[in-house]
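Trainee: Got a minute? I'd like to go through this one with you.
Mentor: Sure, let's open it up.

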2 protein chains.
Amino acid sequence: MTDAMRRELDFLLFDWLKVDELADSEAFSGQDRDDWSAFLDLSQAISANEFLPCYKATDRDEPLLENGTVRVQEDLRKALAVYLEAGLHLASVDVDAGGMGLPLSVSTAAMSGLMAANVAGSAFIMLSAANARVILDFGTPGQIAAFARPQLEGRALGTMCLSEPDVGSSLGDVTTRAVPEGKDELGHRYRISGRKMWISAGDHDVTENIVHLVLGKAVQPGGGTRPGPKGTSLFIVPKLLPGAPAARNDISVAGLNHKMGYRGTPNCLLNFGDGDGAIGWRVGNEGDGLRIMFQMMNEARINVGLSGAAMAHRGWELSRQYAAERIQGRPVHDKQRETPVAILRHPDVRRMLLQQKAIAEGALALCLRSALLCDRIRTREERADTALLDLLTPVVKSWPSEQGLVSLHQAIQIHGGYGYTRDFDVEQLYRDSRLNPIHEGTTGIQAIDLVGRKILGDDGKAMFAFLETVRQTARAASAFPDEADTLREHCALFETLVGEMLSYANPSETLANATAFLDGFGHFVVAWLWLDMAAAAGQGANPQIAEEKRWACRYFYGAEVPKIAGMLAPLRHDRTLTRDVPDHIFG
Amino acid sequence: MTDAMRRELDFLLFDWLKVDELADSEAFSGQDRDDWSAFLDLSQAISANEFLPCYKATDRDEPLLENGTVRVQEDLRKALAVYLEAGLHLASVDVDAGGMGLPLSVSTAAMSGLMAANVAGSAFIMLSAANARVILDFGTPGQIAAFARPQLEGRALGTMCLSEPDVGSSLGDVTTRAVPEGKDELGHRYRISGRKMWISAGDHDVTENIVHLVLGKAVQPGGGTRPGPKGTSLFIVPKLLPGAPAARNDISVAGLNHKMGYRGTPNCLLNFGDGDGAIGWRVGNEGDGLRIMFQMMNEARINVGLSGAAMAHRGWELSRQYAAERIQGRPVHDKQRETPVAILRHPDVRRMLLQQKAIAEGALALCLRSALLCDRIRTREERADTALLDLLTPVVKSWPSEQGLVSLHQAIQIHGGYGYTRDFDVEQLYRDSRLNPIHEGTTGIQAIDLVGRKILGDDGKAMFAFLETVRQTARAASAFPDEADTLREHCALFETLVGEMLSYANPSETLANATAFLDGFGHFVVAWLWLDMAAAAGQGANPQIAEEKRWACRYFYGAEVPKIAGMLAPLRHDRTLTRDVPDHIFG
């Protein structure tokens, strides 16, 4: 986390979202802004001093599989040790469970700084935090002591093992089998066998033990398993089994995936139970696997979006610095000038910088606004907040992922040929970010979630409530009458469109164009946030920030909002295209 | 070049563009379609057998700088030797000069197949062909014999040395100096000193000699050089000097750039004249350097676009194959189905495939249509063709470059996590393609060329003539009345917009938004081509191709054309944004 990013996070948290007000609630009683700032200071220092310096090295020196064990780049291993030693991973863990119990908005802000510095490093932490939370929420006291506690104490890290070589997005089809072996002090015990693909931090030498949460199917008395999502259960399968001396469980690393980016995080193909079967214990009830996993998945999805936002922000910082320092050419309005100027003076470079700023800060705002919703749900438990969070989650996952790449595309353009070389960080940020539209559910999967589950499955209720919230923002933004009008026009557009979508007899026609909806809706959501931010900054104490937000908002309404109608076109004018087109067109 | 790509190229050349008709012209007399097909057959075989098999290896085993010389990946070196031995690089060289004298449309089609197979390999050939053509066109007989002839005979390859570490897009500012040393049998001789950056194939072990074309400034009697573009001259500076035994010229490889992709092509920082000065001979007149170089640059720009189109096409082929084979999930309209289906059945995957097809084939059509314009200029020399080619060149460079990346983004999405790994070619195609919006003039530079030179500098004449051509296409496409109407509406939109642009007192306000214009105009140009292709295919003999083109055209008009208005918004609603925004907004 740089000072520039910290300044932005402070604005978002304290001036815009007014996170201070959480201190008045019982959930966060005894905490105040000073505590949170101290936590952010420590996070910032560790990101900057431990994780950023090895950003390039973690890419260059990929994890190695040696004698069945994965070795992580040395500096990254040390950085993770410092992070765990400092207990930063305990930020949002309940105080009762030994954590700091900070608001998620604050811990999310800190995490974004780590992601901006070294996203591959952040993945270890992020997954483990989500894993421990699942065990804390659904595990037995024995499971919590044996498998959550070591993660909280920084002695183990956790993973999520969902996909299989032939099963990516359709998790109801997993074939990993769990044969029941009765019950012991750690709960219902099983022998697990199966192959799990794409397991981030699936093996490493950062901590001695690794706690895998494995999605599988419990074998029924007849020897079969139940089909579909409701046939899935979740199992804790540790690398080292409890007991002294700790014995190795039957888990082997069958291979490492070699990726375009995100290279510092080992991505493993894990074989469970190649020998006698790996030993695991069920968390929660049989058949609840996917349901429980979705808690972890939703947290992971928000974190994917957050990493997209964080990397976009780092790209924007690097670009504006480069544009101010790089001297070349004369601007189009002053071609006869004798000496060349900083490329910041070129209108096209300014346009790209404004786009980067609007995307990076808009995406960060989206993530932190959602984190605050989680905090609000905790402090006052209003149905409307939960519904809004559910509605926004696919946008939080996908908009920063897709638009973060757009902004990093511009970061490379601003750097010219240099931006295409591995000497400059924007090159790696672009490759690292390319994972985001894929993992934890592709953009297409998010779109189906948004349109199918969150809109059609809800009769549009959360959506219409959200449009009312947006209209309130427009009403309150009296200093921005043009933008407020535009936002209101788009509320009407979405109201009409969603009304149409609900009226169609065949919902699959709408689902077929779900990605077009997600694209347009994402831009609309961020337009709402930009107006809200600009209005808040205008009433805030910092005139420089107020001016910055006003210009970025003007850019967003001038150049991005006009794209929305075009994005939505497939939902209105040729809805049956993908159904009508015959297979043989695809050769 | 795959069979699928060959089928597409055959359609474009013979069914759509009716290249056969060129055989009736004097310039190509004695040639016919059989000759061209035989040439395409040979190109296809060499691309498939020599270049495609080492696609991954050229990426993995980057060129090495050893003892001052660059070593290229071994299989690529052999593939290039086969290509040169077969004389394929002579395709579009005049018969008088020892070439095959084929139409550029045919040789361009063949080059696209090579680029699809191994773009890093194609770069060696492409640059050398352009280099030799400059020497043939502007060199003295002695220069042609000494420096073009060895390239034609496959004993040398050529480069273009324009950029310097501090000079990328502003070539009038180059600082490479050339001190005159009188005249010898090779022309005006100079001692050259300077540093040249981003030199593709700047050194290698493919051929013994390398012919550099170096942009520099002739030192004047007073010891100074002339400022700006008109102070530039062009020099031939060979790696080995003529004479036996050949002596090494004073050129050293100061370093290699390590790139995101395109890794098989060594990209060098070359120092000229670190010792006594490198020896070079001027081509053309003093002061004409940049003007001459622009012939080479225009050819290179079209080839950059072509490579974007070619890689997009390969990505589309790989995606549709993967989508047909990969079994996963149930389509949104049949969720209760027992067994999973090929992902080709998912509407969102079909949408992405249609987008890939529309971009890849649209981009190829754009490049070949432009190549045919070059052929027509040769056979009948009409001013209108030249003006249209000038107008389209920035689009040919930039649309396949930018949209090719969009289509390869979708190729990775279709492959899911696998697409992000280096085991699958789409990962490398994406990295390789990322260079295209940068080299030979960034997208922003193309936009300024389009709006400044080709539209405002021409009082819109070529543009208005082009709109008339588009209207003719709409009139002729009677089988597609809706698309024709939409195209006509967009003609009116561009007519109004360009009229506005010409009326503004301050052209820099328009230039400031040139990239927005290029984005929208590029989509419009390809919409025109799609309607023209679909109409031609509908009247052709192949019903399968007619159906394919009809569906892709329907996709383009349903999902892409509606984006145009949004792309153009900055030109109409907030034209002064980048001028008004103060510097301190950028921190």
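**Domains, a sheet, a helix and an interface**

Mentor: Start with chain A: the C-alpha centres of its domain 1 and domain 2 lie 24 Å apart. Bear in mind that this is a predicted model.

Trainee: Into which domains is chain A divided?

Mentor: Domain 1 covers 3-152, domain 2 covers 157-285 and domain 3 covers 442-580.

Trainee: And how many residues of domain 1 of chain A are in contact with domain 2 of chain A?

Mentor: Domain 1 of chain A puts in 34 residues, and they are in contact with 32 residues of domain 2 of chain A. On the domain 1 side, α6(A) supplies the largest share, 12 residues. By class, that side of domain 1 of chain A has 18 nonpolar, 12 polar and four charged residues.

Trainee: New topic. Is strand β5 of chain B mostly covered or mostly uncovered?

Mentor: Mostly covered. Strand β5 of chain B runs over residues 187-200, and 11 of its 14 residues are buried.

Trainee: Which way does β4(B) pair with β5(B)?

Mentor: Antiparallel, over six bridges; β4(B) is residues 177-184. The two strands form a hairpin, with two residues between them. One bridge partner pair there is B:P180 and B:Y190.

Trainee: What about β10(B) and β9(B)? How many bridges join β5(B) to β10(B)?

Mentor: Four, in the antiparallel sense, with β10(B) at residues 278-283. There, B:R189 has B:W281 as its bridge partner. Strand β9 of chain B, residues 267-272, also runs antiparallel to β5(B), and five bridges join them. In that pairing, B:K196 is matched with B:L270.

Trainee: Back to chain A. How far apart are the end C-alpha atoms of helix α14?

Mentor: They are 33 Å apart. That agrees with what to expect, because 23 residues at 1.5 Å a residue should span 33 Å.

Trainee: Which residues of α14(A) are buried?

Mentor: Among them are A:L487, A:H490, A:C491, A:F494, A:V498 and A:M501. An α-helix has 3.6 residues a turn, so residues three or four places apart point the same way.

Trainee: What covers the buried residues of α14(A)?

Mentor: The cover includes α12, α13, α15, α16, α17 and α18 of chain A.

Trainee: Last one. How many residues does the contact take from chain B and from chain A?

Mentor: It takes 71 residues from chain B and 71 residues from chain A. Helix α17 of chain B, residues 543-560, gives the most to the chain B side, with seven residues. By class, that side of chain B has 32 nonpolar, 22 polar and 17 charged residues.

Conventions: Residues are numbered from 1 along each chain as its sequence is written. Chains are lettered from A and ligands numbered from 1 in the order in which they are written. This is a predicted model: local features need pLDDT of at least 70, side-chain atom pairs count only at pLDDT 80 or more; totals for chains, interfaces and linings use all residues. A residue is buried if 20 or more other C-beta atoms lie within 10 Å of its own, exposed if 12 or fewer, and partly exposed in between; C-beta atoms are placed from the backbone. Two strands pair if DSSP finds at least two bridges between them. The expected span of a helix is 1.5 Å times one less than its number of residues. Two residues are in contact if their C-beta atoms, placed from the backbone, lie within 7 Å. Ala, Val, Leu, Ile, Met, Phe, Trp, Tyr, Cys and Pro count as nonpolar, Asp, Glu, Lys and Arg as charged, and the others, Gly among them, as polar. Domain bounds come from an automatic or database domain assignment.
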